[in-house]
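Me: I am new to this structure and would like to understand the words used for it. Please set each value against its definition as you go.

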Amino acid sequence: MNSFQITDVKRFMSAMLLHDTFDGFTLSEATVKTAVSFVIDGKINPDFYDDESDVPSESFIQYGKVRGFFYEIIKGKRTPVYFKFVFHASGELIEKLLSESDTGFTPQDINSLTLTATFKDGALTALTGTNLATFSLDKTIDQAWDKYVAGFLEQFYSNRDT
């Protein structure tokens with residue numbers, strides 16, 4: 001688990017709200033506090049779909065499909081009081097990380113690889129997390145995820161707290 005202090009908040013917000021930078025992630029939850037609070041559960045609701053074949057393969061919504069909604073509630077001259085977005089690596093990204101790292105894990109061994117972006121008291125931080133389906137002392141997937149996120153966030157932060 002790594003924590004990153006995002007120093008270029010404006011650039012991060014632009015990447016998150018205006019560009020497709022985060023669209024490859026799924027979104028499990030989001031909370032945004034402006035004049036009112038918005039709490040979003042990103043879990044896919046299969047009952048919404050008429051045909052089983054239309055149900056997305058991921059458990060959570062692709063961020064790119066809801067990015068415009070967040071842009072609409074955050075845009076403006078006033079900064080949100082608080083927000084928290086919990087992004088997950090897609091199944092495709094998990095498979096890529098597993099193939100590039102020397103682990104004994106399979107995609108079924110990994111519940112989630114998360115990136116949580118939190119804005120509070122004027123500071124923006126990003127935190128990585130790994131949730132395995134089984135207990136393991138092997139930290140290779142944690143290290144691979146942390147390395148991937150560090151590279152992804154490099155453009156937004158200046159120092160890292162581990």
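Me: What makes residues in the lining of the second largest pocket nonpolar, polar or charged, and how many fall in each class?

Reply: By class this lining has eight nonpolar, two polar and three charged residues, where Ala, Val, Leu, Ile, Met, Phe, Trp, Tyr, Cys and Pro count as nonpolar, Asp, Glu, Lys and Arg as charged, and the others, Gly among them, as polar. The model is predicted, so local features need pLDDT of at least 70 and side-chain atom pairs pLDDT 80 or more, while totals for chains, interfaces and linings use all residues. Residues are numbered from 1 along each chain as its sequence is written, and side-chain values use heavy atoms, with hydrogens and water left out.

Me: Which helix gives the most to the lining of the second largest pocket?

Reply: Helix α1 does, with three residues; helices here are DSSP runs of H or I with at least four residues, strands are runs of E with at least two, and both are numbered from the N terminus. Residues 9-17 form α1, where F12, M13, A15, M16 and L17 are buried.

Me: Why is G64 called partly exposed?

Reply: Its relative accessible area is 30%, and because buried means under 20% and exposed over 50% (1.4 Å probe, protein chains only), with partly exposed in between, G64 is partly exposed.

Me: How do you know that β1 and β7 pair?

Reply: Two strands pair if DSSP finds at least two bridges between them, and β1 and β7 have four, in the antiparallel sense. F4 stands opposite A126 in β7.
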